[in-house]
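Reader: Hi, I'm new to reading structures. Can you take me through this one?
Author: Sure, here it is.

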There are 2 protein chains.
Amino acid sequence: MRDLSRATGMSLAGLYYYFESKERLLFLIQKHTFTTILKNLKSRLEMVSDPERRIRIFILNHLQYFVANRHGLKVLAHEDESLKNELGSEIADIKREYYRICLGLLEDFQRVRKIDFNSRTAVMSLFGMINWIYTWYSPRVDGDALALAEEMGTIFLHGIVSVNLKGRVRTKRLRHS
Amino acid sequence: MRDLSRATGMSLAGLYYYFESKERLLFLIQKHTFTTILKNLKSRLEMVSDPERRIRIFILNHLQYFVANRHGLKVLAHEDESLKNELGSEIADIKREYYRICLGLLEDFQRVRKIDFNSRTAVMSLFGMINWIYTWYSPRVDGDALALAEEMGTIFLHGIVSVNLKGRVRTKRLRHS
DNA sequence: CTACAATTCGAACGAACGTTCGAACTTATG
DNA sequence: CATAAGTTCGAACGTTCGTTCGAATTGTAG
């Protein structure tokens, strides 16, 4: 709270005039963030019906928000489970809806392509891929969200075996010793 | 430190007889953890030369340690970047070696299969998949590390499209509303 | 202008934290 | 047995943290 006070220029007591507690402030930030991501996603999904493209839209939507707000999301990730009781369960509800949507996208894909896989593991693997970027993403080296979304989308859908991005591939100079 | 004192039954001051500071204790825990994972990995890789199987061994080794020590690793993930200066950079060195090994495995695979992809993105995506389990893994619903490693290995190598685990697949009953 | 509400803040409170210190207790050595 | 070294702990220290309170300032309405 003292850091926030310094950063905003408002006194510590002033902050408490607007937010009744640190916990409630965190709640409002989390709710706003996850609601926004969810709203953007729903709006984009309305326009596309092909199952593969819908999965790619999910990934792109997620990565764009994460890349654009990566410093904030690093903090949110760190405070992920710190909300308790009603506040915490309201956030959990929003996340659950997000999870369900992703699960639905994968199961639609599964049905159309007539393939079989553990959908829970698949959703969680995908979440891992796209959430983890808060630990490593650097705009300089990793390109924009669109490029990343294409790479990750292809890895997730077809694996590294068949990855072949139309010319845009940058092979890194690193070689293991 | 007071929590540790309560959990171990040793007094707060007693802990400081063995560990000079909280930061140094965290350092020792991190160093022991990452060194162990790295040592196990190297030992297992010595026995296998096929690039695909080596990647699968990497995944299995990582998941087995994470599943066996998931409560501890949740804490480690939370304190991931809290070590500063020399202590922090010594840990960073170990992690970098781990990263390089994984990168090498992927590039060997790439060379043998004559395929092309952004290896940094691939490594980070894989790390995301296998590190993220500390947020969701439950032994009851998700099976053991071996089953998970096979699922994730296949997703990473071939994508969800061609996932087809020999009979062991459990399709979940969830359907999105 | 007056009067009242809305806003801002310095200063403090109590709790929690990392750490230290000296005294007490235990163990090993001769 | 005495002595010293190794081990344990209660109690306190200084600091940081979340929060509150009353006073001061600003904005608004009649």
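Author: First, a term: a polar contact is a pair of N or O atoms within 3.5 Å; within protein, one must be able to donate a hydrogen and the other to accept it, and residues adjacent in sequence count only if both atoms are side-chain atoms. Next, the ground rules. This is a predicted model, where local features need pLDDT of at least 70, side-chain atom pairs count only at pLDDT 80 or more, and totals for chains, interfaces and linings use all residues. Residues are numbered from 1 along each chain as its sequence is written, chains are lettered from A and ligands numbered from 1 in the order in which they are written, and side-chain values use heavy atoms, with hydrogens and water left out.

Reader: OK. How far is M1(B) from a phosphate oxygen of DNA strand C?
Author: A polar backbone atom of M1(B) sits 3.3 Å from a phosphate oxygen of that strand.

Reader: Which side chains have a polar atom by a phosphate oxygen of DNA strand C?
Author: Y17(A) has one, at 2.6 Å. K22(B) has one at 2.5 Å.

Reader: And which elements give two or more residues to the surface near DNA strand C?
Author: Those are α2 (12-18) of chain A and α2 (12-18) of chain B. Helices (H or I, at least four residues) and strands (E, at least two) are DSSP runs, numbered from the N terminus. The largest share, four residues, comes from α2(A).

Reader: Which residues come nearest to DNA strand C?
Author: There are 13 residues around the strand, and A13(A), Y17(A), Y18(A), R2(B) and K22(B) come nearest. Sugar and phosphate make up 48% of the strand's atoms that come within 4 Å of the protein. "Near" means that a heavy atom of the residue lies within 4 Å of the molecule or strand.

Reader: What kinds of residues make up that surface?
Author: Eight are nonpolar, three polar and two charged. Here Ala, Val, Leu, Ile, Met, Phe, Trp, Tyr, Cys and Pro count as nonpolar, Asp, Glu, Lys and Arg as charged, and the others, Gly among them, as polar.

Reader: New topic. How many salt bridges are there over all chains?
Author: The search finds 20. A salt bridge is a side-chain nitrogen of Lys or Arg within 4 Å of a carboxyl oxygen of Asp or Glu.

Reader: What does R113(A) form a salt bridge with?
Author: Its partner is E52(A), with the closest N and O atoms 2.8 Å apart. This pair links distant parts of the chain: R113(A) is in helix α6 (residues 85-113) and E52(A) in helix α4 (residues 51-68), 61 residues apart.

Reader: Is E52(A) buried or exposed?
Author: E52(A) counts as buried, at 16% relative accessibility. R113(A) is partly exposed, at 38%. Buried means under 20% relative accessible area, exposed over 50%, and partly exposed in between (1.4 Å probe, protein chains only).

Reader: What about R56(B)?
Author: R56(B) forms a salt bridge with E52(B), the closest N and O atoms being 3.3 Å apart. They are four residues apart in helix α4 of chain B, so about one helical turn separates them. In chain A, salt bridges with shared partners join E52(A), R56(A) and R113(A) into one network.

Reader: Last one. What turn lays chain B on chain A?
Author: A turn of 180°, with a shift of 0.0 Å along the axis and an RMSD of 0.0 Å. That is the relation of a two-fold axis. Copies are superposed by least squares on the C-alpha atoms of residues with pLDDT of at least 70 in both.

Reader: Which residue of chain B comes closest to that axis?
Author: G159(B), at 1.9 Å (C-alpha).
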